[in-house]
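Thanks for sharing this one. Here are a few notes to read alongside the coordinates.

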Amino acid sequence: MNAQRDIRGVLISVTGSRLLLPNASVAEVITYSEPEILANAPQWLLGRVRWRGWRLPLLSFSRLAGWSEEDGQMGAKVAVLKALGGNPKLPFFAVLSQGFPRLVTVSNQGLKQSHDIKDLPLGVHARVTLNDDPAVVPDLLSVELLIQKALDQAQAAA
């Protein structure tokens with residue numbers, strides 16, 4: 001018997017798309033505050049935000065994926081994500097969100113992959129539809145590596 005279990009997910013609205021993540025990967029959602037700018041950082045790395053004693057890198061997923069250069073600030077939130085890479089210097093990072101992320105149930109029947117692997121933007125693992133709503137599943141490990149590389153380069157140039 002192969003019983004598929006539904007999982008709890010989170011849809012995070014970003015300019016131009018929605019990110020679908022497991023609920024367990026989101027540590028907290030906080031109100032947007034102006035980030036501390038990082039000199040020599042790529043445009044998608046907006047700076048650092050303070051959270052529970054950490055200074056977390058804040059990224060614009062829309063800019064990283066090339067969807068939009070605009071990031072609306074009205075009602076913006078910050079989703080703090082648990083990093084998967086095991087880097088003790090980067091246990092969390094933050095993603096700019098348009099409004100509050102939405103809890104969803106992800107079922108095997110409701111989730112469909114909808115893309116050709118060759119046309120995926122940077123940082124995206126898959127394009128999906130969840131109950132007919134388009135979304136993307138981010139490639140969090142590659143995003144973490146891109147953040148770490150950008151932080152290293154910004155630090156080296158400072």
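1. How far apart are the mean positions of the positive and negative charges of the protein? The model is a predicted one, and in it the 16 positive and 14 negative charges have mean positions 6 Å apart.

2. On the fold: the protein has two helices and eleven strands. Their order along the sequence is β-β-β-β-β-α-β-β-β-β-β-β-α.

3. On overall dimensions: the radius of gyration is 16 Å, which agrees with the value near 15 Å for a compact globule of 158 residues. Along the principal axes, the C-alpha atoms fill a box of roughly 55 × 35 × 35 Å.

4. On packing and surface: 45% of the 158 residues are buried. Of the contacts between residues at least 6 apart in sequence, 57% join residues at least 24 apart. The accessible surface is about 8800 Å², with 52% of it belonging to carbon and sulfur atoms.

5. On the aromatic rings: there are three aromatic pairs. One of them joins Trp51 and Phe92, whose ring centres are 4.8 Å apart with planes at 70 degrees, so this pair is edge-to-face. Trp51 sits in strand β4 (residues 45–51) and Phe92 in strand β7 (residues 92–98), 41 residues apart. Trp51 is buried at 7% relative accessibility, and Phe92 is buried at 19%.

6. Phe92 also pairs edge-to-face with Trp54, at 6.3 Å between centres and 65 degrees between planes. Trp54 belongs to strand β5 (residues 54–59), so its pairing with Phe92 in strand β7 ties together parts 38 residues apart in sequence. Trp54 is partly exposed, at 35% relative accessibility. Ring pairs thus link Trp51, Trp54 and Phe92 into a cluster.

Conventions:
Residues numbered from 1 in each chain as written. Predicted model: local features only at pLDDT ≥ 70, side-chain atom pairs only at ≥ 80, totals over all residues. Heavy atoms only, no water. Helix = DSSP H or I, 4+ residues; strand = E, 2+ residues; numbered from the N terminus. Rg over C-alpha atoms; globule rule 2.2 N^0.38 Å. Buried < 20%, exposed > 50% of the residue type's maximum accessible area, 1.4 Å probe, protein only. Contact = heavy atoms within 4.5 Å. Areas by Shrake-Rupley, 256 points an atom, 1.4 Å probe, with all protein chains shown as cover. Lys, Arg positive; Asp, Glu negative; His and termini not counted. Charge placed at Lys NZ, Arg CZ, Asp CG, Glu CD. Phe/Tyr/Trp six-rings, centres within 6.5 Å; stacked < 30°, edge-to-face > 60°.
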